[in-house]
Amino acid sequence: MSLIAEVAADVLSGADPQATGLHPVWSTMVELGWPQVGVDESRGGVGGTLQDLTELVAATAAHGVGVPLVEVSVSRWILGAELETAPLVVTTTDAAAVPWARYASHVVVRPEREPAFLVERGEVEHGENLAGEPRDALRASGATTPLPDAPSHEDVLARLALLNSAALLGAARGAYEHTREHVTRREQFGRPLVALKAVANSLAEMRVHLVATEAAVSRAVRAQNSERALVATAAAKITAARTATSIARTAHQLHGAMGVTREHPLHHVTRKLWAWRDECGTERDWSTRLGRTALASGEAELWDRFTA
């Protein structure tokens with residue numbers, strides 16, 4: 001475990017995943033500068049790397065804690081200088097399901113074909129995703145501030161998708177650990193469940209999915225700010241979404257009836273896996289994008305991309 005992951009585990013230890021609204025641990029994260037990680041100090045950040053930020057996002061998700069770390073960190077990356085407000089980010093003008101909007105005073109809008117701008121939040125119609133996290137409809141009516149130096153729509157989308165993949169990885173790790181502990185401690189016919197070949201195979205398959213996602217996310221982090229960034233991000237998002245589907249299903253199968261009760265902590269991570277896998281673009285969306293890129297690249301360049 002890296003030092004960043006260890007620090008995150010200390011901060012999140014004992015955090016109640018059942019907390020509703022904006023989790024109490026969020027104020028601690030803000031004080032520690034987590035939303036500014038990966039942003040240069042010269043631009044109002046606290047330094048660190050994008051890899052550091054993905055580890056914080058993954059650790060938070062693994063503990064089943066719902067906070068707007070992804071959204072606020074991307075908005076800080078876009079805006080640069082630290083503001084007193086805590087704006088969230090929207091990648092298109094579709095403001096039907098803005099994450100955590102009810103807690104923001106401003107929203108960063110990064111349309112696909114128009115310049116980015118900062119806008120006062122305006123009226124909010126409360127909604128939520130499958131995990132019970134705020135996904136609010138906005139009717140922004142306040143003054144707007146142009147953001148001419150904002151990153152492109154593609155860059156913002158790629159960063160959101162990469163951090164979403166890291167969150168999926170973290171939640172998948174949480175589901176795996178709950179499952180591993182359950183099948184190790186739970187006994188049937190005088191021996192632990194993991195002694196059964198079918199159970200051991202399923203647990204091993206979960207681990208394989210985790211390793212594949214870890215590799216894909218790591219590769220996407222290394223590819224940022226290069227010509228391969230979008231391709232690597234697409235691969236990470238596709239892999240993470242498939243892992244989310246598979247691990248959530250297997251975790252509940254191995255827990256049996258116990259895994260579907262609200263009293264058991266498993267649902268705090270599996271509901272996030274189901275909710276997050278279709279956010280920041282679905283697996284199908286990113287597969288289509290990756291396929292079009294491959295077709296446009298030509299055989300030689302495609303081979304280079306896969307083997308570089």
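Guide: Buried means under 20% relative accessible area, exposed over 50%, and partly exposed in between, with a 1.4 Å probe and protein chains only. This is a predicted model: local features need pLDDT of at least 70, side-chain atom pairs need 80 or more, and totals for chains, interfaces and linings use all residues. Residues are numbered from 1 along each chain as its sequence is written, and side-chain values use heavy atoms, without hydrogens and water.

Visitor: How many helices and strands does the chain have?
Guide: Both are DSSP runs numbered from the N terminus: H or I over at least four residues for a helix, E over at least two for a strand. The chain has 10 helices and nine strands.

Visitor: What is the radius of gyration of the chain?
Guide: It is taken over C-alpha atoms, and the globule rule is 2.2 Å times the number of residues to the power 0.38. For 308 residues that rule gives 19 Å. The chain comes close to it, so it is as compact as a globular protein of that length, with a radius of gyration of 20 Å.

Visitor: What percentage of contacts between residues at least 6 apart join residues at least 24 apart?
Guide: Contact means heavy atoms within 4.5 Å. Pairs at least 6 apart in sequence form the base, and the share joining residues at least 24 apart is 63%.

Visitor: Why is α8 described as largely enclosed by the rest of the structure?
Guide: Helix α8 has 10 residues. Its buried residues include H267, L273 and W276. Cover comes from elements including α3 (50–62), β6 (135–139), α5 and α7 (229–255). The helix counts as largely enclosed because the number of its residues that are buried is eight.

Visitor: Which residues does H23 contact, leaving aside its neighbours within four places in sequence?
Guide: H23 sits in the loop between α1 (3–12) and α2 (25–32). It counts as buried because its relative accessibility is 7%. Leaving aside those sequence neighbours, its contacts are A15, D16, V65, G66 and V67.

Visitor: Which backbone nitrogen lies 3.0 Å from a polar atom of the side chain of H23?
Guide: The pair involves a polar atom of the H23 side chain at 3.0 Å. The partner is the backbone nitrogen of V25.

Visitor: Is W100 buried or exposed?
Guide: W100 lies in the loop between β2 (98–99) and β3 (106–109). Its phi is near 60 degrees, a positive value in a residue other than glycine. Most residues other than glycine have a negative phi. At 3% relative accessibility, W100 counts as buried.

Visitor: What is the relative accessibility of C280?
Guide: C280 has a positive phi near 60 degrees. Its place is the loop between α8 (267–276) and α9 (283–297). C280 counts as partly exposed because its relative accessibility is 26%.

Visitor: What distance separates the C-alpha atoms of R186 and H255?
Guide: R186 is in the loop between α5 (153–185) and β8 (187–188). At 43% relative accessibility, R186 counts as partly exposed. R186 and H255 are 69 residues apart along the chain, yet their C-alpha atoms are separated by 9.5 Å.

Visitor: What distance separates the C-alpha atoms of A215 and A236?
Guide: A215 belongs to helix α6, residues 197–223. It counts as partly exposed, at 47% relative accessibility. A215 and A236 are 21 residues apart along the chain, and their C-alpha separation is 8.3 Å.

Key: A polar contact is a pair of N or O atoms within 3.5 Å; within protein, one must be able to donate a hydrogen and the other to accept it, and residues adjacent in sequence count only if both atoms are side-chain atoms.
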